[in-house]
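Me: I would like to go through the labels attached to this model one at a time, and to ask in each case what justifies the word. Please set each value against its criterion before you conclude.

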Amino acid sequence: MDHDETTAALSAPSHARELIACWESHVTRFELSGSTLDIGRGNACAINLPHASVSRLHARLHFSDQNVEIEDLQSANGTRLDGTPVTGRVPFPTGAILEVGAIRLLLRAKTGPSAPAMVDVRRLVDKFAGTNVSIILLGETGVGKEVMAEELHARSRSGGPLVRINCAGLSASLIESELFGHERGAFTGAIQAKAGLIESADGGTLFLDELGEMPEETQAKLLRVLESREVRRVGALKPKPIDVRFISATHRDLRALAVMGKFREDLLFRLNGFTIRIPPLRERRDEVVGLANAFLASTSARLHQAVPTLSEAARAILEAYRFPGNIRELRNVIDRAIHVCEGDVILTEHLMFDPPLAAPVPAPPPSSLSMPPSSLAAPPGDPSSSSLSKATDASERDRIVRALAEAGGNQATAATALGITRRILGYKMDKLGLPRPRRK
């Protein structure tokens with residue numbers, strides 16, 4: 001498929017922003033300014049999107065110094081923000097996915113040249129990797145804290161073991177035995193001696209993941225180990241000296257937890273030889289495509305298939321997306337794309353992002369395939385409720401079957417004709433028991 005990329009400048013903005021429009025293998029970038037900009041297929045629209053799924057006057061962007069809002073202008077196929085239909089004016093945050101018909105739009109702030117976000121992190125890792133200093137890795141879920149811990153271990157104690165402990169999964173009833181081990185006969189069922197996790201890390205590294213979730217009773221026991229550098233098994237008469245480097249990871253503010261009395265301040269001082277903050281992926285956009293290509297290669301190797309490439313539009317949408325789940329979410333997006341891609345190029349329609357966890361689910365506009373709004377539906381317990389639901393499902397089923405037939409079984413084309421995304425079409429087909437058509 002031919003690649004088409006254009007850039008439209010809409011005057012020099014005081015707070016530089018750009019809007020990236022992506023569909024199939026096409027990508028268009030618009031520089032933004034002013035108080036309002038219209039989006040649509042009509043030539044009079046500042047953001048002109050020449051696509052059949054877009055209304056002539058589809059939506060409108062509203063700008064202030066700090067915020068951007070999106071308003072749907074009663075378009076035929078609707079406007080969705082992170083999968084939620086837009087009604088009225090709603091905030092359009094940077095990195096959110098806005099669907100205008102079949103086109104995906106992402107808002108991105110344009111910044112001047114600066115050092116990559118990970119440069120300072122790499123400098124700190126190089127400085128402390130070969131030492132025995134205790135390190136706390138701070139960062140959001142999914143940013144790669146465990147990978148960083150593995151690197152620190154490999155560059156300081158590669159000859160010893162790396163023992164991982166998920167502090168959130170420690171059971172109060174098993175803490176002593178799991179962490180410190182036990183001697184034979186120490187309690188009922190202890191038929192042989194067993195080394196604990198801390199002792200097993202002797203000569204290597206103990207990685208304390210989710211440190212902020214560690215139970216308070218465990219914190220006191222661990223503090224004694226850090227102070228004495230020795231561990232006593234349950235039932236043992238003498239403690240055993242240990243040589244362990246401690247690396248911890250958390251997304252919690254440990255100092256705030258200490259102030260609230262939920263984390264021991266003395267333990268924090270012992271573990272916090274130095275803190276390395278790992279930036280979220282949205283601050284590391286220069287790494288996104290490289291990581292995506294690495295995941296494409298590793299997943300394809302696991303599936304024993306050729307490695308697909310990213311279209312320019314797919315690259316643009318990955319670079320602009322905010323990735324609330326960070327690297328872990330990027331890996332999931334790439335894994336899904338490989339499974340749904342039927343060719344050798346990843347297109348925008350193959351990139352399926354997870355909706356926000358806390359996002360509300362309001363009723364979709366009448367133009368999309370959906371159940372009727374709650375204000376029109378029969379009340380619970382009404383005898384007509386079941387029949388109304390069945391009738392609506394039957395009508396929706398007929399519309400989907402007809403659209404698929406007219407599209408020759410092509411789900412992407414059928415979804416465009418119905419004014420919904422291919423992902424939503426697949427969900428509705430599964431819900432209604434419709435088989436997925438196979439490509440001839």
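What follows is a series of questions about those labels, each with its reply.

Reply: A word on the source comes before the questions: this is a predicted model, in which local features need pLDDT of at least 70 and side-chain atom pairs count only at pLDDT 80 or more, while totals for chains, interfaces and linings use all residues. Residues are numbered from 1 along each chain as its sequence is written, and side-chain values use heavy atoms, with hydrogens and water left out.

Me: Why is the pair Arg-60 and Asp-38 called a salt bridge?

Reply: The term requires a side-chain nitrogen of Lys or Arg within 4 Å of a carboxyl oxygen of Asp or Glu. The N to O distance between the side chains of Arg-60 and Asp-38 is 2.5 Å, and by this rule 22 salt bridges are counted.

Me: Where in the chain do the partners Arg-60 and Asp-38 lie?

Reply: Arg-60 belongs to strand 6 (residues 59–63) and Asp-38 to strand 4 (residues 36–40), so that the pair links distant parts of the chain, 22 residues apart. Strands here are DSSP runs of E with at least two residues, and helices are runs of H or I with at least four, both numbered from the N terminus.

Me: What makes Glu-199 buried or exposed, and what of its salt-bridge partner Lys-240?

Reply: Buried means under 20% relative accessible area, exposed means over 50%, and partly exposed is in between, with a 1.4 Å probe and protein chains only. Glu-199 has 9% and therefore counts as buried, whereas Lys-240, with 38%, is partly exposed. Their side chains meet in a salt bridge at 3.1 Å, N to O. Because Glu-199 lies in helix 4 (residues 197–200) and Lys-240 in strand 19 (residues 240–241), the pair ties together parts that are 41 residues apart in sequence.

Me: How do you know that Glu-283 and Arg-277 form a salt bridge?

Reply: The closest N and O atoms of Glu-283 and Arg-277 are 3.5 Å apart, and the pair is counted as a salt bridge. Glu-283 is partly exposed at 40% relative accessibility, and Arg-277 is partly exposed at 44%.

Me: How many disulfides are there, and what would make a pair of cysteines count as one?

Reply: A disulfide is a covalent bond between the sulfur atoms of two cysteines. The criterion applied is a pair of cysteine sulfur atoms within 2.5 Å, and the count by this rule is 0. As for individual cysteines, Cys-45 is buried with a relative accessible area of 8%, and Cys-167 is buried with 0%.

Me: Where is Cys-45 placed, and which residues does it touch?

Reply: Cys-45 sits in the loop between strand 4 and strand 5 (47–48). Not counting residues up to four places away in sequence, Cys-45 touches Asp-38, Ile-39, Gly-40, Arg-56 and Leu-57, where contact means heavy atoms within 4.5 Å.

Me: Why are strand 5 and strand 10 said to stand at the edges?

Reply: Two strands pair if DSSP finds at least two bridges between them, and 5 strands form an open sheet of mixed pairing in the order 5-4-6-7-10. Strand 5 and strand 10 (89–91) each have a single partner strand, so one side of each is left without a neighbour in the sheet. Strand 4 and strand 5 run parallel and are joined by 2 bridges.

Me: What makes the set of residues around Phe-323 a nonpolar core?

Reply: A nonpolar core is a set of buried Ala, Val, Leu, Ile, Met, Phe, Trp, Tyr and Cys residues joined through side-chain atoms within 4.5 Å. The largest one has 30 residues, and Phe-323 is among those that touch the most other members, together with Leu-318, Leu-330, Leu-351 and Phe-353. At least two residues of this core come from each of strand 2 (17–23), helix 8 (285–303), helix 9 (312–320) and helix 10 (326–340).

Me: Why is Asn-326 called buried?

Reply: Asn-326, which is placed in helix 10, has 0% relative accessibility and therefore counts as buried. A polar atom of the Asn-326 side chain lies 2.9 Å from the backbone nitrogen of Leu-281.

Note on methods: A polar contact is a pair of N or O atoms within 3.5 Å; within protein, one must be able to donate a hydrogen and the other to accept it, and residues adjacent in sequence count only if both atoms are side-chain atoms.
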